[in-house]
Amino acid sequence: MKKEINNKKEKKNPDFLKQEAKRKSQLFNRFMLFRYSLSVFFFANLYWFIVQIFQPSFYLLIPILLLISIILATAEQFKLYSSTVPVLKKTELALKLQAIINVTVILLVLLNQTSILFPTFTNRTAAKALVIGLQVLGLSLVSLNLKRAEQVKHNVDKHYLRFQTIEKYL
(Lines give C-alpha, C1' and ligand atoms only; values in the text may rest on other atoms or scores of the structure.)
Protein backbone atom coordinates (compact mmCIF):
# COMPACT_ATOMS: atom_id res chain seq x y z
CA MET A 1 0.00 0.00 0.00
CA LYS A 2 2.76 2.37 0.98
CA LYS A 3 4.69 1.54 -2.22
CA GLU A 4 1.58 2.31 -4.29
CA ILE A 5 1.22 5.74 -2.66
CA ASN A 6 4.91 6.55 -3.35
CA ASN A 7 4.45 5.44 -6.96
CA LYS A 8 1.47 7.82 -7.39
CA LYS A 9 3.43 10.70 -5.83
CA GLU A 10 6.33 10.00 -8.15
CA LYS A 11 4.05 10.16 -11.18
CA LYS A 12 2.65 13.53 -10.11
CA ASN A 13 6.11 14.92 -9.45
CA PRO A 14 6.75 17.87 -11.84
CA ASP A 15 10.23 16.60 -12.68
CA PHE A 16 8.84 13.21 -13.61
CA LEU A 17 6.16 14.80 -15.78
CA LYS A 18 8.75 17.01 -17.47
CA GLN A 19 11.02 14.04 -18.17
CA GLU A 20 8.07 12.06 -19.54
CA ALA A 21 7.09 14.95 -21.84
CA LYS A 22 10.69 15.20 -23.10
CA ARG A 23 10.77 11.47 -23.68
CA LYS A 24 7.54 11.52 -25.69
CA SER A 25 8.68 14.54 -27.68
CA GLN A 26 12.00 12.92 -28.58
CA LEU A 27 10.28 9.75 -29.72
CA PHE A 28 7.71 11.78 -31.67
CA ASN A 29 10.54 13.52 -33.57
CA ARG A 30 11.11 10.22 -35.39
CA PHE A 31 8.00 11.01 -37.43
CA MET A 32 8.80 14.62 -38.34
CA LEU A 33 9.74 13.81 -41.95
CA PHE A 34 6.39 12.07 -42.39
CA ARG A 35 4.45 15.01 -40.96
CA TYR A 36 6.17 17.58 -43.18
CA SER A 37 6.01 15.42 -46.27
CA LEU A 38 2.33 14.67 -45.75
CA SER A 39 1.62 18.38 -45.40
CA VAL A 40 3.50 19.11 -48.66
CA PHE A 41 1.49 16.41 -50.45
CA PHE A 42 -1.73 17.63 -48.83
CA PHE A 43 -1.34 21.18 -50.12
CA ALA A 44 -0.12 20.06 -53.54
CA ASN A 45 -3.15 17.79 -53.92
CA LEU A 46 -5.47 20.47 -52.52
CA TYR A 47 -4.19 22.88 -55.17
CA TRP A 48 -4.70 20.20 -57.83
CA PHE A 49 -8.25 19.61 -56.56
CA ILE A 50 -9.08 23.33 -56.65
CA VAL A 51 -7.73 23.65 -60.21
CA GLN A 52 -9.75 20.58 -61.26
CA ILE A 53 -13.00 22.09 -59.91
CA PHE A 54 -12.98 24.73 -62.67
CA GLN A 55 -12.93 22.09 -65.42
CA PRO A 56 -14.37 18.98 -63.81
CA SER A 57 -13.39 15.65 -65.28
CA PHE A 58 -12.91 12.09 -64.14
CA TYR A 59 -9.46 13.13 -62.94
CA LEU A 60 -11.10 15.18 -60.16
CA LEU A 61 -11.43 11.93 -58.17
CA ILE A 62 -7.66 11.46 -57.99
CA PRO A 63 -6.81 14.44 -55.75
CA ILE A 64 -9.90 13.71 -53.62
CA LEU A 65 -8.69 10.17 -53.03
CA LEU A 66 -5.20 11.40 -52.22
CA LEU A 67 -6.50 14.07 -49.84
CA ILE A 68 -8.56 11.51 -47.93
CA SER A 69 -5.63 9.12 -47.62
CA ILE A 70 -3.35 11.93 -46.42
CA ILE A 71 -5.89 13.08 -43.83
CA LEU A 72 -6.12 9.52 -42.48
CA ALA A 73 -2.32 9.25 -42.39
CA THR A 74 -2.08 12.58 -40.55
CA ALA A 75 -4.56 11.35 -37.95
CA GLU A 76 -2.37 8.27 -37.52
CA GLN A 77 0.62 10.56 -36.95
CA PHE A 78 -1.16 12.33 -34.07
CA LYS A 79 -1.87 9.00 -32.41
CA LEU A 80 1.85 8.24 -32.42
CA TYR A 81 2.56 10.93 -29.80
CA SER A 82 1.32 8.75 -26.97
CA SER A 83 2.39 5.45 -28.52
CA THR A 84 5.67 3.66 -27.96
CA VAL A 85 5.15 1.26 -30.87
CA PRO A 86 5.31 2.90 -34.31
CA VAL A 87 2.30 1.91 -36.42
CA LEU A 88 2.61 3.48 -39.86
CA LYS A 89 0.11 1.49 -41.94
CA LYS A 90 -1.99 4.46 -43.09
CA THR A 91 1.07 6.61 -43.61
CA GLU A 92 2.70 3.97 -45.80
CA LEU A 93 -0.55 3.44 -47.69
CA ALA A 94 -0.89 7.18 -48.37
CA LEU A 95 2.72 7.40 -49.54
CA LYS A 96 2.42 4.36 -51.80
CA LEU A 97 -0.83 5.72 -53.25
CA GLN A 98 0.91 9.05 -53.85
CA ALA A 99 3.74 7.24 -55.67
CA ILE A 100 1.31 5.31 -57.86
CA ILE A 101 -0.50 8.52 -58.78
CA ASN A 102 2.79 10.32 -59.49
CA VAL A 103 3.83 7.58 -61.93
CA THR A 104 0.34 7.57 -63.48
CA VAL A 105 0.44 11.35 -63.94
CA ILE A 106 3.83 11.08 -65.66
CA LEU A 107 2.41 8.49 -68.07
CA LEU A 108 -0.72 10.58 -68.72
CA VAL A 109 1.37 13.69 -69.38
CA LEU A 110 3.42 11.72 -71.89
CA LEU A 111 0.11 10.74 -73.52
CA ASN A 112 -0.82 14.45 -73.95
CA GLN A 113 -3.32 14.62 -71.08
CA THR A 114 -1.59 17.58 -69.40
CA SER A 115 -4.31 20.15 -70.06
CA ILE A 116 -7.01 17.78 -68.79
CA LEU A 117 -5.07 16.78 -65.66
CA PHE A 118 -3.99 20.34 -64.94
CA PRO A 119 -6.28 22.84 -66.70
CA THR A 120 -3.84 25.68 -65.97
CA PHE A 121 -1.19 24.06 -68.21
CA THR A 122 -1.08 23.35 -71.91
CA ASN A 123 0.24 20.32 -73.76
CA ARG A 124 3.42 22.16 -74.69
CA THR A 125 6.82 20.74 -73.95
CA ALA A 126 7.70 23.27 -71.22
CA ALA A 127 4.49 22.56 -69.29
CA LYS A 128 5.00 18.82 -69.64
CA ALA A 129 8.59 19.13 -68.40
CA LEU A 130 7.45 21.13 -65.38
CA VAL A 131 4.72 18.66 -64.46
CA ILE A 132 7.01 15.66 -64.95
CA GLY A 133 9.73 17.37 -62.92
CA LEU A 134 7.31 17.98 -60.03
CA GLN A 135 6.14 14.38 -60.19
CA VAL A 136 9.72 13.09 -60.09
CA LEU A 137 10.39 15.37 -57.12
CA GLY A 138 7.30 13.94 -55.42
CA LEU A 139 8.48 10.40 -56.16
CA SER A 140 11.84 11.19 -54.60
CA LEU A 141 10.14 12.48 -51.46
CA VAL A 142 7.91 9.39 -51.30
CA SER A 143 10.95 7.15 -51.72
CA LEU A 144 12.77 8.91 -48.90
CA ASN A 145 9.71 8.57 -46.65
CA LEU A 146 9.22 4.88 -47.40
CA LYS A 147 12.89 4.23 -46.65
CA ARG A 148 12.49 6.07 -43.33
CA ALA A 149 9.32 4.11 -42.56
CA GLU A 150 11.26 0.86 -42.93
CA GLN A 151 13.95 2.18 -40.60
CA VAL A 152 11.36 3.23 -38.03
CA LYS A 153 9.62 -0.14 -38.20
CA HIS A 154 12.87 -1.91 -37.41
CA ASN A 155 14.01 0.74 -34.86
CA VAL A 156 17.20 1.54 -36.76
CA ASP A 157 16.49 5.20 -37.54
CA LYS A 158 18.84 7.92 -36.24
CA HIS A 159 16.24 9.48 -33.95
CA TYR A 160 15.50 6.21 -32.18
CA LEU A 161 19.19 5.36 -31.76
CA ARG A 162 19.81 8.86 -30.35
CA PHE A 163 16.80 8.42 -28.06
CA GLN A 164 18.21 5.14 -26.72
CA THR A 165 21.52 6.84 -25.94
CA ILE A 166 19.79 9.68 -24.10
CA GLU A 167 17.50 7.25 -22.27
CA LYS A 168 20.54 5.48 -20.78
CA TYR A 169 21.53 8.68 -19.00
CA LEU A 170 18.08 9.64 -17.72
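Here is a short chat between a visitor and a guide about the predicted model above.

Visitor: What should I know about the model before we start?
Guide: It's predicted, so to speak of local features we need pLDDT of at least 70, while side-chain atom pairs count only at pLDDT 80 or more, and totals for chains, interfaces and linings use all residues. Residues are numbered from 1 along each chain as its sequence is written, and side-chain values use heavy atoms, with hydrogens and water left out.

Visitor: How far does helix α7 reach from its first C-alpha to its last?
Guide: Helices here are DSSP runs (H or I, at least four residues), numbered from the N terminus. Helix α7 covers residues 125-153, 29 residues. The expected span is 1.5 Å times one less than the number of residues, which gives 42 Å for α7, and the reach in the model is close to that, at 41 Å.

Visitor: Is N145 of α7 buried or exposed?
Guide: The cut-offs are under 20% relative accessible area for buried, over 50% for exposed, and partly exposed in between (1.4 Å probe, protein chains only). N145 is found in helix α7. Its relative accessibility is 0%, so N145 counts as buried.

Visitor: Which residues is N145 in contact with?
Guide: Contact means heavy atoms within 4.5 Å. The buried residues of α7, N145 among them, pack against α3 (32-54), α5 (89-110) and α6 (114-117). Leaving aside neighbours within four places in sequence, N145 touches L33, F34, S37 and L95.

Visitor: In the largest nonpolar core, which residues touch the most other members?
Guide: A nonpolar core is a set of buried Ala, Val, Leu, Ile, Met, Phe, Trp, Tyr and Cys residues joined through side-chain atoms within 4.5 Å. This one has 14 residues, and α3, α4, α5 and α7 each give two or more residues to it. The ones touching the most other members are F31, F34 and L88.

Visitor: Which residues is F31 in contact with?
Guide: Again we leave aside neighbours within four places in sequence. The list for F31 is Q77, L80, P86, L88 and V152.

Visitor: How far apart are the closest N and O atoms of E92 and K153?
Guide: Side chains of opposite charge can pair when their charged atoms come close. We call it a salt bridge when a side-chain nitrogen of Lys or Arg is within 4 Å of a carboxyl oxygen of Asp or Glu. E92 and K153 form one, with those atoms separated by 3.1 Å.

Visitor: Why does that pair tie together parts that are apart in sequence?
Guide: E92 is buried, at 11% relative accessible area, while K153 is partly exposed at 41%. E92 lies in helix α5 and K153 in helix α7, so the pair links parts whose separation in sequence is 61 residues.

Visitor: Which residues are linked in a network of salt bridges?
Guide: K153 also meets E150 in a salt bridge (3.2 Å, N to O). Those two both lie in helix α7, 3 residues apart, about one turn of the helix. The linked residues are E92, E150 and K153.

Visitor: Where is N112, the residue with phi near 60°?
Guide: That phi is a positive value in a residue other than glycine. N112 has a relative accessible area of 42%, so N112 is partly exposed. Its place is in the loop between α5 and α6.
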